[in-house]
Amino acid sequence: MSKIFTPTNQIRLTNVAVVRMKKSGKRFEIACYKNKVVSWRKKLEKDIDEVLQTHTVFANVSKGQVAKKEDLIKAFGTEDQTEVCKQILEKGELQVSDRERHMAIDSMFKDIATAVASMCISPETKRPYPVSMIESAMKDQLHFSVKPNRNSKQQALDVITQLKEVMPIERAQMRLKIVIQRREARKLRDKVVKLVSKTESEEWDNGVLTIICLIDPGQFRQLDELVRSETKGSGSLELLCLKEIVEGDEVLE
């Protein structure tokens, strides 16, 4: 009875995420566990054994074709499989199916809408909009397309700017307590007031200025840097409330 012979340069793998890189005219691929590649790139996963299905570099994962040593040396300067895997893992292109790509885009779309809803309110009611309303506006009025290579927060800020053109919406305000000591108080007062949306109270006590105010979150860094630099650290900003929302129901139906 003849033996069934399996070539030693072929490895069969199933349920894999493939990361691909082209270098020196050759294609190199590695087989990874799904969802682990992104975790590795974000430094959340540090154990490479949790990421790689095998410490093997392939010419073609689906066909089980292992890359030749001479090709590895020419392209990467080493035949160390683990070292080459790390390079491909860091800089290679993650291959995903159309279904997975659509699911990832849908998930990011929801993340962006959720971020917008968490950062904004209706200027009339001072209450947040429900996520579903933000999603509808993004789809029907903005015809918004997700950019997979940008993070959700960056895109959410873009969406807020665009939504202001089609619906009443504004960033939820931050309530701050600003204290400036005697020497710098009068000099800084006007500069501070220019950066706030609304001054709720302003008190002077023996030359020390205390301001309770509302600011747009986008102004916080500039205001913080102004007070720190001009007062050499003697002034202070205290965040009293991250969002200025009316009491009662927190969602605008």
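## An aromatic pair

How many aromatic pairs does the structure hold? The answer is one. Please keep in mind while reading that this is a predicted model.

The partners are Phe28 and Phe76, which meet edge-to-face. Their centres are 5.1 Å apart, with 70° between the planes. A pair of aromatic rings is described by exactly these two things, the distance of the centres and the angle of the planes. To find the two residues, look for Phe28 in strand S2 (residues 26-32) and Phe76 in helix H2 (residues 69-76). With their positions 48 residues apart, the pair links distant parts of the chain. Both Phe28 and Phe76 are buried.

## The chain as a whole

Stepping back, you will find eight helices and eleven strands in the chain. The chain has 253 residues, and 36% of them are buried. Its accessible surface is about 15,900 Å², and carbon and sulfur atoms account for 48% of that.

Contacts in the chain often reach far along the sequence: of those between residues at least 6 apart, 65% join residues at least 24 apart.

## Strands around S1

Strand S2, home of Phe28, pairs with strand S1 (residues 17-23) in the antiparallel sense, over seven bridges. Together S1 and S2 make a hairpin with two residues between them. Ser24 lies in the turn and has a positive phi of about 55°. Lys23 stands opposite Lys26 in S2.

S1 also has a partner in strand S5 (residues 93-95). Three bridges join S1 and S5, and these strands run antiparallel as well. Here Val19 has Leu94 in S5 as its bridge partner.

## Two nonpolar cores

The largest nonpolar core has 22 residues. Ile112, Val116, Ile134, Met138 and Leu163 have the most contacts inside it. Helix H4 (98-119), helix H5 (131-140) and helix H6 (152-163) each supply at least two residues of this core, and H4 gives the most, with eight.

Ile112 is a good residue to explore here. Beyond its neighbours within four places in sequence, Ile112 is in contact with Met138, Phe144, Val146, Ser152, Gln155, Ala156 and Val159. A second, separate core has 19 residues, including Val37, Ile48, Val51 and Val84.

## A charge over a ring

One last detail to look up is Arg186 with Trp204. The charged end of Arg186 sits over the ring of Trp204, at 4.4 Å from the ring's centre.

Note on methods
Residues numbered from 1 in each chain as written. Predicted model: local features only at pLDDT ≥ 70, side-chain atom pairs only at ≥ 80, totals over all residues. Heavy atoms only, no water. Core = buried A, V, L, I, M, F, W, Y, C linked by side-chain atoms within 4.5 Å. Buried < 20%, exposed > 50% of the residue type's maximum accessible area, 1.4 Å probe, protein only. Helix = DSSP H or I, 4+ residues; strand = E, 2+ residues; numbered from the N terminus. Contact = heavy atoms within 4.5 Å. Phe/Tyr/Trp six-rings, centres within 6.5 Å; stacked < 30°, edge-to-face > 60°. Lys NZ or Arg CZ within 6 Å of the ring centre and 35° of its normal. Pairing = 2+ DSSP bridges. Areas by Shrake-Rupley, 256 points an atom, 1.4 Å probe, with all protein chains shown as cover.
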